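Student: Hey, got a minute to walk through this one with me? I'd like to know which parts to trust before I set anything up.

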Amino acid sequence: QIDGVISIIRKEPSRAAARARLMSPEPPLQGLSFNQSEAVLGLQLGRLTSLDEVALVQEKETLAKDMAYWTQVLEDDASAWVEIRDETKVLKEKFAVPRRSKIELGESSGKLAEEDLIDNSRSVIVVTKAGYIKRMPLDTGDFSESQGRGTRGKAGAKLSGAAKTDAYSDEVRHFVACKDHDSLLFVSKQGRVHGVKAWQVPLASRTAKGVPLPTLLPFLSREMSDMVAVLPLESQSKAQNMFAEENTEETGGDGDDLDEAEGEAVEAEAEGEAVEGEVLLPGDPSSSSKYLVMVTKLGWIKRTPLEAFLSSAATFGKRGLGAITLGAGDEVRWARVCETTGKTGEDMGDEEKGAEGKAEEGSVDFVVLGTRAGYATRFELSDAQVRPTGRSSRGVRALKLREGDEIADMDVIPAEVAADPAADLLVVTRGGMGKRVALSDFGAKRRGGLGMIATKFKANKGGKAFEDGDGLACLRACFEADEIMLSTTSGVIVRQKVGNIPRQGRAATGVRVQRLDERATITEVALVPEAAE
């Protein structure tokens, strides 16, 4: 019927019409399928002359044999594994070339740590009064973008009992921005230090409650609600990876005991007077040294080399490490990390200075302390002002408090920030008011003073601090280009640009930085870390 098919195709005006005619049930073809019609229309003239019947018959037989073989393979697991093995051998022979890339382990560790497989992303750590902790990402998710000044923000934590009672049974206590490779130091009111890596804190959504702290750090239950500070320490070397490993290892000795070399000396009540047996740890003046700075409820401050904690497995073990000796009725309220490089002129003796009585000075950080009534003082963390001491010391007097006043917050100001004329001190009140004050307006003083006015309070908030009205909540050194995150007792978090908060004088009351829920107050302000390049 070749001639009839050719006649049909030649008579039709188009390929579609020829296909429709071939698919019709009329003679001579009695209706071909769509695929069959397309195959006929696609035949070359050379094949139309002979159709190569032998080749077509052989192809049909080959396809039938293949169908039977593969059907048998699909029905028999042993045959399937034989086929997989043979195909794998063929691939190995075809692509068996040496690896061209090389995987090298960093530094001298000799092994690949779990931290090496984790991206060093920016995160925020939230710890509640009831002892729950979680980690939320800052580069993605609900807090990846800034919001406008004065907005309410978004819920950042699920707090138990917040909607059932007149007073919140749980609240956000600590709110820290960090990077996932950072180490976190937890400081308790009793002056104990515990450590964990930031990436070990489980990720959770902003509406999640988090996990209990004992799942990360098995310290006593009475200390869960007594954490006064969570400090992020930037991971700088492979050696610091021991934190994650030592967190699960038993350590020798009793972690509750202080170092024997430090003795049981306690610094005298008189300002700056050391007693017999006290251990002073000035560090290496020719290098950069980091210190843990703690401030107590009664206004004492001490500075201890960070190595005293980072070099001890007890810090990252089950017991933690004692960091301070406290007087009767006193407790640790704040803790920060500072850095000192070399010596300042104030610390140098005449023999260290030149003929003109001058020497190239090192850099030293500053500390700023704010009281609930709106006063603040700033002084150097130098050897002359706050000399470094061992873990068993009490420290020295930091601030004289007015009657009825109390310390509200502290912050460490890096030396390079203090020297920058564009640096500001962000002042935020418990009632959600805030402002930027030029850091230069708070000149460096000697410790032990009464402080100067840092902010006033709105008249509609009582015009003064504490129960009658508003009070100072947080002080943070910052720049106009920075971003901050504010957290409230009700678990609401807002991220905004510092530049949206105006710069005002020390006696100004500030502007609304966050709209608060009823009974809620500002608890913490955290600077957003710079994004990794």
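**Confidence and fold**

Tutor: Sure, and start with a weak stretch: over residues 162-168 pLDDT stays under 50, and the model has 11 contacts beyond four places in sequence for them. Keep in mind that this is a predicted model.

Student: Where else does pLDDT stay under 50?

Tutor: Residues 350-360 are another such stretch, with nine contacts beyond four places in sequence in the model. Where pLDDT is low, the coordinates shouldn't be read in detail.

Student: Ok, and what does pLDDT average for the protein?

Tutor: The average is 75, and 70% of the residues score at least 70.

Student: Switching topic: how many helices and strands are there?

Tutor: Nine helices and 25 strands.

Student: What share of the contacts links residues 24 or more positions apart?

Tutor: Counting contacts with a separation of 6 or more, 73% are between residues that far apart.

Student: And how much of the protein is buried?

Tutor: Of its 533 residues, 43% are buried. The protein exposes about 27,600 Å², with carbon and sulfur atoms supplying 50% of that area.

Student: Let's zoom in on helix 2. Which residues are buried there?

Tutor: Helix 2 runs over residues 15-23, and Ala18, Arg19 and Leu22 are buried in it. They sit on the same side of helix 2, because they cover an arc of only 100 degrees around the axis.

Student: What covers them?

Tutor: The cover over the buried residues of helix 2 includes helix 1 (2-11) and helix 3 (34-41).

Terms used: Residues are numbered from 1 along each chain as its sequence is written. This is a predicted model: local features need pLDDT of at least 70, side-chain atom pairs count only at pLDDT 80 or more; totals for chains, interfaces and linings use all residues. Side-chain values use heavy atoms; hydrogens and water are left out. Buried means under 20% relative accessible area, exposed over 50%, partly exposed in between (1.4 Å probe, protein chains only). Helices (H or I, at least four residues) and strands (E, at least two) are DSSP runs, numbered from the N terminus. The arc is that of the directions from the helix axis to the C-beta atoms. Contact means heavy atoms within 4.5 Å. pLDDT is the predictor's confidence in each residue, from 0 to 100. Accessible areas come from the Shrake-Rupley method with a 1.4 Å probe; for residues, only the protein chains shown count as cover.
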